[in-house]
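Here are some exercises to work through with the model open beside you. Try each task before reading its solution.

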Amino acid sequence: MDELFDTLAREDVHHLFVWSDKASGLQAVAVIDDVTLGPAAGGIRTQPYPSWEHAIADAARLARAMTLKCALAGLNAGGGKIIVAETPRLSREPAFTTLGRRIDDLGGLFRAGSDLGTGRRDLEAAGAQTEFVHTDLDATTDGVARGVVSALTATVEEKTGQASLEGIKIAVQGCGAVGESVARALAARGATLCIADVDRTRAEHLGDELSAIVLNAEDILTADVDVVSPCAVGRVITATRADNMRAWAICGGANNQLDGDDVAQRLQDRGVLYVPDIIASAGGVVDGIGRDVMGLDDRSALIDALGPLTREVLQQAQAEGTTTLAVARARALARLDQARRARG
Ligand code: NAD
């Protein structure tokens, strides 16, 4: 018992659901971080974890980021995350079917969508059981890409005065659902791309199509480019990478890109403009929650607003001599405080 509650206290988790189904091998945890502004929005992440403590810790951090992301983007939603442990016993279709039923049991308190390692078929299996799983993966990843383009364009304009991405050299890490959409959107705006994926064949296919240079996965974040766009796994911007990075900006669709808060200060000290991922990657949840919870037929204006938000955060950090991460977090927490006070 103590071990579980120690983990929850350490990770500041207040609401934890644990779902298990022997027949399908489903082992999942869901963390709901905050519902002040509306139902918890968060993706379903499927990957192996060394222990349940690691899975809960990851869910907690990702759920908290979703709370801040939704608050910053002006959504009527809070934050959550679902983790499905990828194990040899996981039989995906029945497991995601069961997961869909468990999400349905929550009656709309949790609005789930896609995330790393969860594919189209998984979402469809879960979504067949409930209206509370957003199954339109293309709309989600297009939303992420639109948001990255808006945030990145604002960053380029802030740094260079150029109002377009024409000729800007960008390194995209990851060619999965998000990375592919982001790379396509950047290529369509005239950016010069380098791409990489640990699955080299995937990167080469996309590289051929977009005339992008394919680099080794271990070299992409330190490539000689203007901007690095992390669109794969989290915690990739380590202190060492921050020190060795040649790009002057970071703006990508991945969640939890920094290996720790101190990395934001290192980037700032080196003059690297870091667009916090709670802004840069928000386009997907804006699209999903904008449609499903806020009833907006057209979410493009709300996604495009991530551009001006990026500019304001970059300027405020510069003016106050603090990091963009600190500014973005403070703005999100201010909106949450205001909503809590209004609720009484
Ligand atoms: P995905 O599983 O479809 O693709 C991830 C890709 O990254 C895979 O091709 C994998 O081979 C590659 N990869 C893994 N480690 C790598 C590394 N070190 N270097 C290069 N490539 C690597 O996942 P996704 O849905 O595209 O999610 C990617 C990121 O975007 C995650 O951080 C996720 O949380 C975030 N995100 C996803 C969504 C969504 O709706 N899918 C929305 C917002 C943010």
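Two strands count as paired if DSSP finds at least two bridges between them. Keep in mind that the model is predicted.

**Exercise 1. Find the strand order of the five-stranded open sheet, and say which strands stand at its edges.**

Step 1. Begin with one pair: strand E4 (residues 78–85) runs parallel to E3, and six bridges join the two. To locate the register, look at Ala40, whose bridge partner in E4 is Gly78.

Step 2. Extend the pairing to the whole sheet, and the order reads E1-E2-E4-E3-E5, with mixed pairing.

Step 3. Strand E1 (15–21) and strand E5 (110–114) each have a single partner strand, so one side of each is left without a neighbour in the sheet. These two are the edges. From one strand to the next, the twist averages 25 degrees.

Step 4. Now add the helix: H3 (residues 92–105) packs on this sheet and touches E1, strand E2 (26–34), E3, E4 and E5. The direction of H3 makes about 160 degrees with that of E3.

**Exercise 2. Do the same for the six-stranded open sheet: what is its order, and which helix, H6 or another, packs on it?**

Step 1. The order is E8-E7-E6-E9-E10-E11, and the pairing is parallel.

Step 2. At the edges stand strand E8 (213–214) and strand E11 (273–274); each has a single partner strand, so one side of each lacks a neighbour in the sheet.

Step 3. Check one edge: strand E7 (residues 192–196) pairs with E8 over two bridges, in the parallel sense. There, Cys194 stands opposite Ile213 in E8.

Step 4. Helix H6 (residues 177–188) packs on the sheet, in touch with strand E6 (169–173), E7 and strand E9 (227–230). Its direction and that of E7 make an angle of about 165 degrees.

**Exercise 3. Describe how domain 1 and domain 2 are placed relative to each other.**

Step 1. Take the bounds from the domain assignment: domain 1 covers 2–64 + 78–135, and domain 2 covers 139–335.

Step 2. Their C-alpha centres lie 25 Å apart.

Step 3. Count the contacts: 12 residues of domain 1 touch 13 residues of domain 2, with heavy atoms within 4.5 Å.

**Exercise 4. Where does the second largest pocket lie, and why?**

Step 1. The second largest pocket holds about 570 Å³ of space. It is lined by 28 residues, and Arg61, Leu62, Arg235, Asn256 and Leu258 are the closest to its centre.

Step 2. Strand E3 (40–47), helix H2 (52–72), helix H10 (277–280) and helix H14 (324–343) each give two or more residues to the lining. H2 gives the most, with nine.

Step 3. By type, the lining has 11 nonpolar, seven polar and 10 charged residues.

Step 4. Both domain 1 and domain 2 give residues to the lining, so the second largest pocket lies between them.

Key: Residues are numbered from 1 along each chain as its sequence is written. This is a predicted model: local features need pLDDT of at least 70, side-chain atom pairs count only at pLDDT 80 or more; totals for chains, interfaces and linings use all residues. Side-chain values use heavy atoms; hydrogens and water are left out. On a 1 Å grid over the protein atoms alone, a cavity is a set of points where a 1.4 Å probe fits but cannot get out, and a pocket is an open set with protein on both sides within 12 Å along at least five of seven lines; lining residues have an atom within 4 Å of a point. Grid points are joined across faces, edges and corners, and a volume is the space filled by probe spheres set on the points. Helices (H or I, at least four residues) and strands (E, at least two) are DSSP runs, numbered from the N terminus. Ala, Val, Leu, Ile, Met, Phe, Trp, Tyr, Cys and Pro count as nonpolar, Asp, Glu, Lys and Arg as charged, and the others, Gly among them, as polar. Domain bounds come from an automatic or database domain assignment. Axes are lines fitted to C-alpha atoms, for helices over the stretch in contact, and angles run from 0 to 180 degrees between N-to-C directions.
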